[in-house]
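Reader: I'm new to reading structures and would like to take a close look at one part. Could you walk me through the place where the ligand sits, and then show me around a little?

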Amino acid sequence: MTARDPRFIASLREATRGEVRENEPLAGYSTFRIGGPATVVFPAGPEDVAIALRHADNAGVSWFALGLGSNVLLPDAGLEALVIRLGKGLDGVRSDGDRWWFGAGLPAPLVARQTAAAGFAGLHKMVGVPGTVGGGVFMNAGCHGAEWADVVQRVTVVDPNGVDRVLDREEIPFRYRRSGLERVIVLETEVALHQAEPALLEQEVRDLFEWRQRGTPFNQPCCGSTFTNPDLPPGGHPSGLRSAGQFLDAADLKGYTIGRVQVSPLHANYFVNLGGGTADDVRRLIEHARDRVRDRFGVRLELEVKVVSPAGEIEPTDGVRTDG
Ligand SMILES: Cc1cc2nc3c(=O)[nH]c(=O)nc-3n(C[C@H](O)[C@H](O)[C@H](O)COP(=O)(O)OP(=O)(O)OC[C@H]3O[C@@H](n4cnc5c(N)ncnc54)[C@H](O)[C@@H]3O)c2cc1C
């Protein structure tokens with residue numbers, strides 16, 4: 001059975017308080033503005049996430065957790081998997097001294113601004129990372145030298161059987177842009193922040209946000225960094241290049257376009273949808289860019305963007321299919 005099956009949709013509607021939309025175009029839920037239709041459930045609270053997971057598990061239907069869709073490439077054909085969209089309903093905030101608890105569906109930029117205004121540092125640098133708290137923890141998102149792993153103390157997750165667990169930070173194998181959290185959905189995270197002068201923090205937030213707007217195609221449909229920065233040998237690369245963006249730029253890829261998707265002339269690690277771009281265009285551009293960097297510099301770039309298959313699986317970071 002797939003999540004498109006009318007019997008599955010009808011029984012899910014009965015089981016959950018959240019809204020279930022069928023045949024919902026996913027392009028509206030991805031910052032790339034790419035993705036075909038799927039059955040999407042919008043949980044009304046944490047218990048609804050567990051219900052949706054149990055329901056899918058019992059019916060043999062695969063699922064995919066979606067936050068603000070700012071680091072995913074969703075397939076043109078849409079998903080056979082059930083899309084569980086985390087947003088409102090999982091947007092609680094509470095604090096006690098330097099400890100803060102955030103629902104997985106909260107936008108990270110909101111969290112950055114709110115904690116800065118309250119005089120707490122540690123997440124304020126996330127103002128330019130346009131995803132959710134859950135997506136940030138799952139991806140170990142970060143910027144300007146800060147990442148979620150620096151502040152996370154505990155994460156409440158739910159597994160495919162619909163069972164909640166609280167994981168301590170030591171149990172989460174955080175690495176650069178990875179949490180190692182597999183086959184679970186993040187419901188909430190507890191973080192430890194530290195006190196700082198609110199006016200200074202708010203000024204830093206404004207400066208970082210302006211820097212973002214100047215240096216990246218922030219207002220165009222895109223998914224942030226396409227590739228992670230390469231793991232170079234000690235001593236670095238003979239060219240002196242370090243980041244994925246620098247390698248792509250030095251390979252003369254800025255402005256290179258396939259179909260309606262372009263390597264941003266502003267920042268080479270951002271691929272932008274010029275309007276009407278498809279997942280297939282992005283896949284072909286990824287392969288082309290990767291081949292060109294490998295041929296010129298002998299460096300193999302790995303994907304940061306999560307390329308999703310119609311079954312809801314994330315494709316390997318070192319290769320994508322270009323046959324659709
Ligand atoms: C303009 C722009 C700038 C960006 N800048 C940065 C940056 O500076 N640094 C950086 O690290 N990233 C950056 N990104 C990428 C992106 O914003 C982050 O990776 C973000 O944390 C993704 O969150 P999301 O809610 O959008 O996740 P989605 O894109 O919806 O999902 C990404 C992955 O997380 C999983 N996921 C989402 N929510 C949950 C959950 N609750 N539980 C379990 N798994 C979940 C999904 O299944 C998927 O595998 C940028 C993106 C854009 C568009």
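Reader: To start, how many Å separate a backbone N or O atom of A65 from an oxygen atom of the ligand?

Author: Sure, let's dig in, keeping in mind that this is a predicted model. The answer is 2.6 Å: that is how far a backbone N or O atom of A65 lies from an oxygen atom of the ligand. A65 has company here. A polar backbone atom of G67 is 2.8 Å from an oxygen atom of the ligand, and for a polar backbone atom of G69 the distance to a ligand oxygen is 2.9 Å. On its own, the ligand would expose 970 Å², and the protein buries 97% of that.

Now zoom out to the whole shell. There are 38 residues around the ligand, and the closest are A65, S70, T132, G142 and R212. Sorted by class, the shell has 21 nonpolar, 13 polar and 4 charged residues. The elements giving two or more residues to it are strand 3 (63-66), helix 4 (133-139), strand 9 (142-143), strand 13 (185-192) and strand 15 (222-225). Helix 4 gives the most, with 5 residues.

Stay with the end of helix 4 for a moment. In the loop between helix 4 and strand 9 you'll find N140. Most residues other than glycine have a negative phi. N140 is not a glycine, yet its phi is positive, at about 45°. N140 also counts as buried, because its relative accessibility is 0%, and the cut-off for buried is under 20%.

There's another residue of this kind: R177 isn't a glycine either, and its phi is positive, near 60°. Look for R177 in the loop between strand 12 (164-168) and strand 13. With a relative accessible area of 14%, R177 is buried.

For a contrast, go past strand 9 to G145, in the loop between strand 9 and strand 10 (146-147). G145 is exposed, because its relative accessible area is 80% and exposed means over 50%. The C-alpha atoms of G145 and K125 are 8.6 Å apart, and these two residues are separated by 20 residues along the chain.

Remember R212 from the list of closest residues? R212 is one of the buried residues of helix 5, together with L201, V205, L208 and F209. Looking down the axis of helix 5, you'd see the buried residues fall within an arc of 100°, so they line one face of the helix. On the other side of helix 5, L200 and R214 are exposed. You can check the length of this helix too: helix 5 has 18 residues (198-215), and at 1.5 Å a residue it should span 26 Å. Its end C-alpha atoms are 26 Å apart, so the two values agree.

One last stop is N273, which is found in strand 18 (residues 270-273). N273 is buried, because its relative accessible area is 5% and buried means under 20%. The side chain of N273 has a polar atom 2.8 Å from the backbone nitrogen of G275. The N273 side chain also reaches the backbone nitrogen of G277, at 2.9 Å.

Note on methods. Residues are numbered from 1 along each chain as its sequence is written. This is a predicted model: local features need pLDDT of at least 70, side-chain atom pairs count only at pLDDT 80 or more; totals for chains, interfaces and linings use all residues. Side-chain values use heavy atoms; hydrogens and water are left out. A residue is near a molecule or strand if one of its heavy atoms lies within 4 Å of it. A polar contact is a pair of N or O atoms within 3.5 Å; within protein, one must be able to donate a hydrogen and the other to accept it, and residues adjacent in sequence count only if both atoms are side-chain atoms. Accessible areas come from the Shrake-Rupley method with a 1.4 Å probe; for residues, only the protein chains shown count as cover. Helices (H or I, at least four residues) and strands (E, at least two) are DSSP runs, numbered from the N terminus. Ala, Val, Leu, Ile, Met, Phe, Trp, Tyr, Cys and Pro count as nonpolar, Asp, Glu, Lys and Arg as charged, and the others, Gly among them, as polar. The expected span of a helix is 1.5 Å times one less than its number of residues. Buried means under 20% relative accessible area, exposed over 50%, partly exposed in between (1.4 Å probe, protein chains only). The arc is that of the directions from the helix axis to the C-beta atoms.
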